[in-house]
Amino acid sequence: MEKSHAYNHFHTQVKPALVSKLEEFRLLGYNEVSESGLWDFLTKKKWKKVKPEIRLYEIIDDILSVKVSDYISFTTIEMYKNNDFNLNDEDEWKDLLK
């Protein structure tokens, strides 16, 4: 079980910023991004090093400054970490290259 992130208590307060960022992603054609996926990216990547005296405006700025390319790169790497790909299997290569 994963331990709770130090910034999780901000989640409710920054929900409008999360929704705004998700709407931006959808406008760019990334409809599958979820709020929990975005929060996961922020807690595991953007906020990997916890600042003890972080302010609410810094959290919101971090959310609104997320780039689609950074999120997609993170998601791709996480997918590889969490799945056991057998790259000797021709069918998995075909799935990967779709």
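**A five-helix protein and its core**

In this predicted model, residues 24 or more positions apart account for 67% of the contacts that have a separation of 6 or more. The protein contains five helices and zero strands, so that, as the elements are defined, the order from the N terminus reads α-α-α-α-α. Of its 98 residues, 29% are buried. The accessible surface comes to about 7300 Å², and carbon and sulfur atoms hold 53% of that area.

The interior can be followed from its largest nonpolar core, which has 20 residues. Within this core, Leu 38, Leu 42, Ile 59 and Ile 63 touch the most other members. Two or more residues of the core come from each of H1, H2, H3 and helix H4, the last spanning residues 68–82.

Helix H3, residues 56–64, shows how one element takes part in the packing. Its buried residues are Glu 58, Ile 59, Asp 62 and Ile 63. These four cover an arc of only 140 degrees around the axis, and therefore lie on the same side of H3. The spacing fits a general rule: an α-helix has 3.6 residues a turn, so residues three or four places apart point the same way. The buried residues of H3 pack against helix H1 (15–27) and helix H2 (35–46).

Ile 63 gives a closer view of this packing. Apart from residues up to four places away in sequence, Ile 63 touches Val 14, Ala 17, Leu 18, Lys 21, Leu 42 and Trp 47. One of these partners, Leu 42, is also among the core residues that touch the most other members.

Leu 56 also belongs to helix H3. Is this residue buried, exposed or partly exposed? Leu 56 counts as partly exposed because its relative accessibility is 32%, and the partly exposed class lies between 20% and 50%. Beyond neighbours within four places in sequence, Leu 56 is in contact with Phe 10, Gln 13 and Val 14. Val 14 is touched by Ile 63 as well. The C-alpha atoms of Leu 56 and Tyr 7 are separated by 9.8 Å, although the two residues are 49 residues apart along the chain.

The last stop is on the surface. Leu 28 sits in the loop between H1 and H2. With a relative accessibility of 53%, Leu 28 counts as exposed, because the exposed class begins over 50%. Together with Tyr 30 and Ile 72, Leu 28 makes a nonpolar surface patch of about 260 Å².

Terms used: Residues numbered from 1 in each chain as written. Predicted model: local features only at pLDDT ≥ 70, side-chain atom pairs only at ≥ 80, totals over all residues. Heavy atoms only, no water. Buried < 20%, exposed > 50% of the residue type's maximum accessible area, 1.4 Å probe, protein only. Arc of directions from axis to C-beta. Contact = heavy atoms within 4.5 Å. Patch = residues over 30% accessible without salt bridge, like charges linked within 9 Å, V, L, I, M, F, W, Y side chains within 5 Å. Areas by Shrake-Rupley, 256 points an atom, 1.4 Å probe, with all protein chains shown as cover. Salt bridge = Lys/Arg side-chain N within 4 Å of Asp/Glu carboxyl O. Core = buried A, V, L, I, M, F, W, Y, C linked by side-chain atoms within 4.5 Å.
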